[in-house]
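Reader: Please take one part of this model and go through it closely. I would like the small sheet, strand by strand.

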Amino acid sequence: MDALSTLAFSLIVITAMVILIFRDWRINTAALTLQYLAVFYLVTLSWPIGLAIVKLIVGWMATAAIGLTCLRQMDVDTPIEPTSSLFFRGLAGLMVILVIFVISSTLQETVFPNVDLVIIRSGLMLVGMALMQLGTNALPFLTIMSLLSFLAGFEVIHAALERSTLLIGLMASVNLGLALVGVYFIMKNNERNVVQKEEENK
Amino acid sequence: MTLNTPILWVFLPLVISLITGIFHRRRIFGVIATCTTGFGLGTLAAFFPEDMVISIGPLTLTFVESLAILGRQIIISYQILPFIAFIYFATGLWAVGSARPSVPGSFRPTSLVVTALLTAALGVEPFLYAALFIQAAILFSIPMLSPLQSKTHPGILRFLSLQTLAMPFILLAGWLLSGVETLPPDSPLIVQTMIILGLGFGLWLAVFPFHSWVPMVSEKAHPLPVSFVLFIFPTAIALFSLNFLDRYTFLRTSQGLYQSLRAIGVLMIVLGGLWVAYQENIKRAFGFSALAETGFLLLAIGLSDQMGLSWLLMLFPTHAINFWLWGFTLSLIETRTDTLSMRGLQGFARRYPIISSGLLIAQLSVAGLPLFAAFPIKIALLSAGFNVSAGLGTWIFIGSLGLFFFTVRLLNDLVTPDNELTTSGWSLTEKSSVYLPILLAILAVIIMGLFPHVILTNITDTLTTFNQLQ
């Protein structure tokens, strides 16, 4: 594991934990942006930079679409959560990290013998954290972020297994489509909030 | 002049849906465009010449069955055209139902996109990339299930999450399958591959325990788009799943796989039946009933050694007409009452007898009542189930009773006079635009039930696509 791989892996763990623990869209958008940077580096271990950069551009485009929509939202204030909620989610995240460290070596030996351990660990880390996030929230914004993280984790591992231009194109479409669905949900909720507030003011 | 079949059945509907999407507020235009496209492409697929040459006066159109995109191909072969014809006819049918003003405007263009993407999914080579087309279709189905004016309910998020989780499992299973073909049958990697593949299909088909979104979405979303989604995705995915059996000998010859499919299918039938039996909300009941029907699809695949695959394909048209009638009548009921609970519908049949009859007949047909569309297939599957084991047949029978029980309860409430209303007599208040489609659908349900071999057998030609499964 070279220094850059370790850095990318650490970045993935930190950003995944941040997205899991916090509910503020600004923090989560920043974390997702950094996460895609780490994903890009890990994909370059399997693919040429010219192809891997597609993941970075698509990821950043998806993040920008969601972030900018949140920025335009009427209700930008995030409710303050009790420390116990943050602590619980942090603890859940640590458990995921522990489980991934335990199973990743076995998984490499049995299923992915030709894939670097750092790639498996990073991919599984993203997948595991995203699943934990999906299980602990019902907010459209966070659900879409979790799904994007989940797909990013899968793509890190799958990039080491297969390379196809059509697959890259289709995965890019799916990621962008998911981001657009996220934008749709955020806009929908915002419009309803605006209508509700207008009715209350009347 | 040379054309490609994928341009006709994939790209043309996409372009038309784009146009109807731009003018989605023009309801009549949208209905006409979507109906014409659906029925037009369906008819063309049904009567397409085997030599793929069409002559119109001096113009001769020669069709090529494949189209290359980024080094891969989409192939719409002659053998799969009966199925393509069927799903485009079904899309046209749903477009007819979408003429009601209560149906979200986004339904018409997105239903056409979903059908086009699922068509592409069935034709893409390598076939595993179909997972991405199916995922794209799922993303496009979001606006129809959760329109811009409505609140985002948790069910739709769960639908999106669970369906999205399926795609990586299928792609991963595809990669694993390419390596396990040469392994000995007792290799643990084969079992792991089957589990990953099973998880992918389980998520897609909302198999227990991944089913929770079905009743949630069914309760909150508009019934017509829900009926479309609950019909078209399991249908296309069930057909797509046959590719795996066709291409991988170890899957095709694995008795354990068929036993598992039968067991999961029966579990879905029993659970769906039990859940629907005691439902109070008629929209949620539809969702649970759809789960039981998915169980029948899995059971039919599991009984492939007893003509199960033919029954599977014959189930598709019955699902189409039954689900359409069920969704259409539910959408009419929704606009005429404040509540969709059984108690709230007391006396409804006295005011709206044809809508109520349509709903009850749709339910009884899905349940497999004699003379109705699903009966010939359900009875065949039940017999095949008893041939395998008495226990299997008994559980299928018990599961099927659930919807009968619910329908009897609903009938009782629908005809019981509502004490709060001053008039409790029977009256026909529906307009012809309401009762005509219902009566035509009821007629179709009865004709399908009376003449199954005339109406339903054409679609079984689709099996010729799968060389090893015929």
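Author: What follows is a walk through the sheet in chain B. This is a predicted model, in which local features need pLDDT of at least 70, side-chain atom pairs count only at pLDDT 80 or more, and totals for chains, interfaces and linings use all residues. Residues are numbered from 1 along each chain as its sequence is written, while chains are lettered from A and ligands numbered from 1 in the order in which they are written.

Strands here are DSSP runs of E with at least two residues, numbered from the N terminus; two of them pair if DSSP finds at least two bridges between them. In chain B, three strands make an open sheet in the order β4-β5-β6, with antiparallel pairing. The edges are taken by β4 and β6 of chain B, each of which has a single partner strand, so one side of each has no neighbour in the sheet.

Begin with β4(B), residues 66-69, which pairs with β5(B), residues 72-75, in the antiparallel sense over four bridges. One of the residues involved is Ala68(B), whose bridge partner in β5(B) is Gln73(B). The two strands form a hairpin with two residues between them. In that turn, Leu70(B) has a positive phi of about 45°.

On to the pairing of β5(B) with β6(B), residues 124-125: this is also antiparallel, over two bridges. Here Gln73(B) has Glu125(B) of β6(B) as its bridge partner. Gln73(B) is thus listed with a bridge partner in β4(B), Ala68(B), and with another in β6(B), Glu125(B).
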